[in-house]
Amino acid sequence: MDYHFEKFESQLEKLNIKLTNRMKEQFSNYYDLLIEWNQKINLTAITEFDNVIDKHFLDSVALGHYLQLEKPWNVLDLGTGAGFPGIPLKIMFPQLKVLLADSLNKRVRFLEEVIRELKLQDIRAVHGRAEELAHQNIYRESFDLCVSRAVAHLSVLSEYCLPFLKPEGVFVGYKSAGVQDEVMQAEKAIQILGGRLRGVEEYQLPETEYGRSFVFVDKVRQTPKKYPRKAGMPGKEPL
């Protein structure tokens, strides 16, 4: 099926991001797979093409306007779900080396098919919880960038994400607009976990009504080995 990408191209131009024909093909195939698999497993409530473009694809890649992603960084997308933001970022910035992590194996199988069908390189999906993966040597403090659109309080997300980052790495939390109170509440946790709040970028997705925020946290020292705590603890007893 032919999809119209003119609006997406226009939106990306406002963010100084260029969409190639190869990327259009990959986003088309990704959308087709998303809709096909969504009939079998719950991936997204958003299924209309233009809404997927705005709320998933554009929202995912807008980070490229605020962070220099033209580098071969090791990137972790934690709690990736249907692959957001990791797969759109990989399509748009192919030099990134991406690990998609999710706690539901059915979603991981979907992600693996997307990776195969889109012929993406230097990207893979892993099944596991952050509380377990972050204590494995292969993953702990081995990433330059950790991104997450997962629905959790910033203090909880910080406990999940910061242990994966190298010192000098960056954690970016994708949040809704008006996140300042949550950020203030999370500053203690960020400090305990070896991070330092860099700041918040609030933005409006071009040609949409969607207000969003990126929360930037720099990793300034190693995370104490006891973090993240056992499964369920970060959410039950936030730092």
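User: What is the relative accessible area of Arg129, and with which residue does its side chain meet in a salt bridge?
Analyst: In this predicted model, Arg129 has a relative accessible area of 36%, and because this value lies between the cut-offs of 20% and 50%, the residue counts as partly exposed. Its partner is buried, with a relative accessible area of 6%, so this salt bridge joins a partly exposed residue to a buried one. The two side chains meet at 3.1 Å, N to O, and the partner is Glu131.

User: How many salt bridges does the structure hold?
Analyst: One of them is formed by the side chains of Glu182 and Lys175, which meet at 2.7 Å, N to O, and both of these residues are buried. Another is formed by Asp218 and Arg198, and counted over the structure, the number of salt bridges is twelve.

User: How many residues apart are Asp218 and Arg198, whose pair links distant parts of the chain?
Analyst: The side chains of Asp218 and Arg198 meet in a salt bridge of 2.7 Å, N to O. Asp218 belongs to strand 7 (residues 211-219), while Arg198 belongs to strand 6 (residues 195-204), and the separation of the pair along the chain is 20 residues.

User: Which residues do salt bridges that share partners join into one network?
Analyst: Arg198, for its part, is partly exposed, with a relative accessible area of 46%. Where salt bridges share partners, a single network results, and its members are Asp59, Arg149 and Arg212.

User: Why is helix 3 (residues 49-61) largely enclosed by the rest of the structure, and which elements do its buried residues pack against?
Analyst: Helix 3 is largely enclosed because ten of its 13 residues are buried. Among these buried residues are Phe49, Val52, Phe57, Leu58 and Asp59. The elements that the buried residues pack against are helix 1 (6-14), helix 2 (21-38), helix 4 (86-92), strand 5 (165-176), strand 6 and strand 7.

User: Which residue caps the N-terminal end of helix 3?
Analyst: At this end of the helix, a side-chain oxygen lies 3.2 Å from the backbone nitrogen of Asp50. The residue that supplies this oxygen, and thereby the cap, is Glu48.

User: What is the distance in space, C-alpha to C-alpha, between Asn51 and Thr208?
Analyst: Asn51 lies in helix 3 and is partly exposed, with a relative accessible area of 29%. Not counting residues up to four places away in sequence, Asn51 touches Ile46, His56 and Tyr210. Although Asn51 and Thr208 are 157 residues apart in sequence, the C-alpha to C-alpha distance in space is 9.9 Å.

User: Which residue of strand 7 is the bridge partner of Gly173?
Analyst: Strand 4 (residues 143-148) and strand 5 run parallel and are joined by five bridges, and within this pairing Ser148 is partnered by Gly173. Between these two strands the chain passes through helix 7 (residues 154-161), in a β-α-β crossover that is right-handed. Strand 5 is also joined to strand 7 by seven bridges, these two strands running antiparallel, and in strand 7 the partner of Gly173 is Val215.

User: Which residues have the most contacts inside the largest nonpolar core?
Analyst: The largest nonpolar core has 56 residues, and helix 2 gives the most to this core, with seven. A second, separate core of 29 residues includes Leu76, Tyr139, Cys161 and Val217. Inside the largest core, the residues with the most contacts are Phe110 and Val172.

User: By what distance are the C-alpha atoms of Leu69 and Lys226 separated?
Analyst: Leu69 lies in the loop between helix 3 and strand 1 (74-78), and at 1% relative accessibility this loop residue counts as buried. Leaving aside neighbours within four places in sequence, the contacts of Leu69 include Leu63, Leu89, Phe93 and Leu145. Leu69 and Lys226 are 157 residues apart along the chain, and their C-alpha atoms are separated by 31 Å.

User: Does Glu159 count as buried or exposed?
Analyst: Glu159 lies in helix 7. Leaving aside neighbours within four places in sequence, this residue is in contact with Leu193, Tyr227, Pro228, Arg229, Pro234 and Leu239. Its relative accessibility is 0%, and therefore Glu159 counts as buried.

Terms used:
Residues numbered from 1 in each chain as written. Predicted model: local features only at pLDDT ≥ 70, side-chain atom pairs only at ≥ 80, totals over all residues. Heavy atoms only, no water. Salt bridge = Lys/Arg side-chain N within 4 Å of Asp/Glu carboxyl O. Buried < 20%, exposed > 50% of the residue type's maximum accessible area, 1.4 Å probe, protein only. Helix = DSSP H or I, 4+ residues; strand = E, 2+ residues; numbered from the N terminus. Contact = heavy atoms within 4.5 Å. Polar contact = N/O pair within 3.5 Å; in protein donor to acceptor, adjacent residues only side chain to side chain. Pairing = 2+ DSSP bridges. Right-handed = clockwise from strand over helix to strand, strands pointing away. Core = buried A, V, L, I, M, F, W, Y, C linked by side-chain atoms within 4.5 Å.
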